[in-house]
Amino acid sequence: MKLRGEVTSVRGTVVEMRFEGVLPAIGSGVVCRPEGRAPVTGEIYGHNDVVTARAIAVESTRGLHRGDPVESDGEPLRVPVGPELLGRVIDLHGRALDGGPPLDGEMRAPLRRPPPPAGSRRASGHAYETGIKVIDLFCPMVHGGKAAVFGGAGVGKTIVLTEFIHNAVESLKGVAVFAGIGERSREGLELWEELQRRGVMDRTVLVFGQMKEPPGARFLIGFAALAVAEHFRDQEGRDVLFVVDNVYRYVQAGMEVSGLLGRMPSRVGYQPTLAADLADLEERITATQQGNMISLQAIYVPADDYSDPAITHAFGYLDSALVLSRDIATEGLYPAIDPLASWSKALDVEIIGRRHDEVLQEARRVLGRYQELRDIISMLGMEELSAEDRQTVGRARRLRNYFTQPFYVTESFTGQPGQRVPIETTVGDVAAILDGRCDRRGERELFMIGSLAELAKEPVRG
Amino acid sequence: MSRERVLQRRLRTLATLEEAVGALRSLSAQHFRAARAPLAAVRAYRDEVHGFLGVLEGSGATSPREGPAGIVLVAADLGLVGDYTARLVHEALALREESGQGPLLCLGQRAVAPLAKAGVRPAAVQPAPTSVAGLTSLLLPLVDTLLSLRRDGELESLWLVAARFEGAGEYTPVRVPVLPVAPAAGLPRLASSPYCGAEYLRTVVVREYLYVSLYETLLEALASEHGKRLVTAEAARSWLEERIEATRRLAAAIRRETSTQEVLEVVVAARAASRK
């Protein structure tokens with residue numbers, strides 16, 4: 001049944017409307033239809049009195065007048081879902097942004113829905129192999145888990161995300177859904193081109209609500225992408241990699257919406273519903289009995305302050321964190337993941353196994369010692385270290401070089417074919433380096449290789 | 001004073017401390033390099049002098065005589081080296097226990113108290129060397145003192161107890177026998193000279209040997225001490241960095257609370273004003 005009404009006030013993207021009889025429920029979608037102009041969609045956030053509702057528009061309200069007709073079917077906003085979305089770039093409404101044909105399929109899913117019940121969720125018991133050595137060893141991901149990528153501009157965040165998508169699509173035989181929230185449009189375009197170049201776009205859906213969109217759209221775009229991903233997971237039983245860039249922008253959009261609604265701000269001006277808003281999004285990202293879902297989320301840390309309320313709340317949902325380091329990137333060691341700063345809840349002997357755990361602890365010890373000695377080496381030189389420290393530093397340097405890896409998505413820049421390395425091989429290789437079996441090999445020999453098996457039989461010093 | 005201001009002051013203090021420790025670290029690195037650089041040349045010269053003693057006397061060995069063993073303990077006078085002095089004192093006391101109650105000469109005031117605690121009073125105490133530049137002025141009178149003690153029969157053998165360098169931050173307290181001079185292998189004896197008597201030559205060369213052996217040991221000890229101080233300063237700097245980061249986080253949290261309070265006050269006041 002269509003509920004009809006009219007616009008009574010427009011302030012920015014806050015639209016108030018009067019309905020005859022029943023008001024559309026909170027969370028329902030509404031469409032304002034200004035005469036001679038494109039319709040303006042919004043979402044109901046409040047009921048002012050028995051006949052008036054307040055909505056936040058998800059599109060520009062330019063051209064909207066008081067008295068313009070409004071209609072609602074009382075249902076949440078919906079987005080097209082299904083296999084025809086694969087290879088496409090869409091916005092919040094499912095409109096094609098890639099210049100392709102419009103998506104007018106039958107299947108549409110609501111943006112807002114409750115998270116899967118506990119009984120249908122799948123416990124995250126085993127590690128998910130990314131094929132990226134440094135991640136699999138130091139901060140492994142689990143099926144149904146969420147990992148965050150922290151890092152400033154230019155340290156290779158997008159490359160890691162893209163390689164992740166590539167490897168996940170290849171290994172999971174599944175699909176990837178990318179939610180672009182509040183970031184620059186140029187970055188979205190670059191990602192789209194990169195995925196096309198790598199030949200994985202045909203198994204990927206990009207859903208964008210970038211910086212230029214109104215806060216209402218940026219706040220909902222994550223839910224739209226999630227609705228698309230949930231369809232693949234629950235209806236088609238496929239494994240899904242759900243990538244979000246950037247979770248902080250989602251929180252920021254929520255803060256703007258909250259301000260527009262006149263809610264009392266909470267800590268540092270964040271919305272009072274910060275925890276609930278994050279839970280709405282994060283709780284739905286999980287593996288179910290029907291299909292697997294792994295999520296990788298880029299998180300901007302304001303002023304590098306990890307105690308910011310948005311960051312502390314987001315941390316609660318993460319299973320692992322990959323910290324990209326500018327220092328490591330400056331040394332040309334890619335992926336520039338800092339193994340000592342990154343962490344994972346999956347680093348449990350029950351999940352990764354005893355051997356992996358032992359090798360990991362020893363690798364951390366060696367890299368940590370190297371970290372301590374770096375300034376001393378730069379002041380005095382290697383030859384002034386004790387024999388034991390020299391050996392430790394040599395092995396740490398070999399380890400750091402070993403953790404570089406040719407990526408599929410960078411083949412065109414490096415000219416080197418991409419490599420995926422099974423986790424058992426990584427653990428075995430790292431154990432070999434720590435045991436000194438590569439001490440006679442030059443450090444450069446281990447740079448940008450897949451596994452140690454690739455090395456020449458005779459060591460080359462260098 | 002507000003908590004925020006206290007934290008700002010603490011941050012400034014920590015930053016100043018970090019600068020001071022950083023400067024100390026750089027100084028240690030410089031002294032370390034200065035001590036390590038001449039070591040190879042000094043060792044070569046010591047071997048040469050030892051060889052010349054051999055040429056003088058066939059083997060170079062000074063004749064062993066029964067008598068008290070003297071000890072020169074090379075400790076440190078500056079801090080930030082952990083248990084450096086304590087370990088050396090321990091080694092010197094152990095040696096003294098084994099070799100009899102000969103005179104103990106101490107380089108470094110800091111060793112006097114632990115020695116006194118063990119009931120040992122040094123025959124002489126001199127400041128410990130802090131840089132290579134100061135070694136010469138320290139060594140010349142020390143060698144003279146040792147030789148006169150030997151002449152007077154107060155010591156027949158001499159040991160140096162000092163730190164042996166084993167890498168930056170790593171050292172082991174060692175005993176270095178200096179007198180009697182260990183024999184050098186198969187050297188032809190020098191023909192007698194009408195210009196200079198063998199006894200005079202022997203005295204001069206033994207003095208030189210003693211001087212260069214002490215110099216070498218002191219260089220090693222300096223390198224060990226400054227290496228240890230460098231590593232300790234580095235650890236202190238890392239700790240200070242962590243403290244600064246933690247204090248910054250705390251200050252940021254307090255600032256956040258303050259700004260939240262201000263935002264709330266503005267909002268509440270605006271609402272109250274709009275109701276009037």
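I take two residues to be in contact if their C-beta atoms, placed from the backbone, lie within 7 Å. The model I looked at is predicted.

**Entry 1: the eight-stranded sheet of chain A**

I began with helix 4 of chain A, residues 215-235, and looked up what it touches. Helix 4 lies across strand 13 (175-181), strand 14 (204-209), strand 15 and strand 16 of chain A. Against strand 13 of chain A, I noted that helix 4 runs at about 175°.

I then traced the sheet in chain A. Eight strands form an open sheet with mixed pairing, and I read their order as 8-14-13-15-16-12-17-18. Strand 8 (89-90) and strand 18 (343-344) of chain A are the edge strands, each paired on one side only. Strand 15 (residues 240-245) and strand 16 (residues 293-298) of chain A run parallel and are joined by six bridges. For the register I noted A:Asp245, which stands opposite A:Ala298 in strand 16 of chain A.

**Entry 2: helix 3 of chain A**

I checked the length of helix 3, residues 185-198 of chain A. At 1.5 Å a residue, its 14 residues should span 20 Å, and the end C-alpha atoms are 20 Å apart, which agrees.

Which residues of helix 3 of chain A are buried? I found A:Gly188, A:Leu191, A:Glu194, A:Leu195 and A:Arg198. They cover an arc of only 125° around the axis, which puts them on the same side of helix 3 of chain A. An α-helix has 3.6 residues a turn, so residues three or four places apart point the same way. On the other side of helix 3 of chain A, I found A:Arg186 and A:Glu193 exposed. A:Gly199 follows helix 3 of chain A, and its phi is positive, near 75°.

**Entry 3: strand 5 of chain A and its partners**

Next I examined strand 5 of chain A, residues 52-57. Five of its six residues are buried, so strand 5 is largely enclosed by the rest of the structure. Strand 2 (residues 14-19) of chain A pairs with strand 5 of chain A in the antiparallel sense over five bridges, and A:Arg18 stands opposite A:Thr52. Strand 4 (residues 40-47) of chain A also runs antiparallel to strand 5 of chain A, joined by five bridges. There I noted A:Ala53 as the bridge partner of A:His47. A hairpin of four residues joins strand 4 to strand 5 of chain A.

**Entry 4: the sheet of chain B**

I turned to chain B, where five strands form an open sheet in the order 3-2-1-4-5, with mixed pairing. Its edge strands are strand 3 (124-126) and strand 5 (171-179) of chain B. On average, neighbouring strands of this sheet are turned by 20° against each other, direction ignored. Strand 4 (residues 157-165) and strand 5 of chain B run antiparallel, joined by eight bridges; B:Ala163 stands opposite B:Pro173.

Helix 3 (residues 84-99) of chain B packs on the sheet and touches strand 1 (69-74), strand 2 (104-107), strand 4 and strand 5 of chain B. Its direction makes about 150° with that of strand 4 of chain B. Helix 5 (residues 135-151) of chain B lies across strand 1, strand 3 and strand 4 of chain B, at about 170° to strand 3.

**Entry 5: the contact between the chains**

How many residues does each chain bring to the contact? I recorded 19 residues from chain B and 16 residues from chain A. On the side of chain B that touches chain A, helix 1 (3-36) and helix 6 (198-275) of chain B each supply at least two residues. Helix 6 of chain B gives the most, with 11 residues. By class, I listed nine nonpolar, three polar and seven charged residues on this side of chain B.

**Entry 6: backbone exceptions**

Most residues other than glycine have a negative phi, and most peptide bonds are trans. I looked up departures from this pattern.

- A cis peptide bond joins A:Tyr334 and A:Pro335, with omega about 0°; A:Pro335 is in the loop between helix 8 (326-330) and strand 18 of chain A.
- A cis peptide bond joins B:Leu179 and B:Pro180, with omega about -5°; B:Pro180 is in the loop between strand 5 and helix 6 of chain B.
- A:Val268 has a positive phi, near 55°, and is buried, with 20 other C-beta atoms within 10 Å.
- B:Leu80 has a positive phi, near 65°, and counts as partly exposed, with 19 C-beta neighbours inside 10 Å.

Methods:
Residues are numbered from 1 along each chain as its sequence is written. Chains are lettered from A and ligands numbered from 1 in the order in which they are written. This is a predicted model: local features need pLDDT of at least 70, side-chain atom pairs count only at pLDDT 80 or more; totals for chains, interfaces and linings use all residues. Two strands pair if DSSP finds at least two bridges between them. Axes are lines fitted to C-alpha atoms, for helices over the stretch in contact, and angles run from 0 to 180 degrees between N-to-C directions. The expected span of a helix is 1.5 Å times one less than its number of residues. A residue is buried if 20 or more other C-beta atoms lie within 10 Å of its own, exposed if 12 or fewer, and partly exposed in between; C-beta atoms are placed from the backbone. The arc is that of the directions from the helix axis to the C-beta atoms. Ala, Val, Leu, Ile, Met, Phe, Trp, Tyr, Cys and Pro count as nonpolar, Asp, Glu, Lys and Arg as charged, and the others, Gly among them, as polar.
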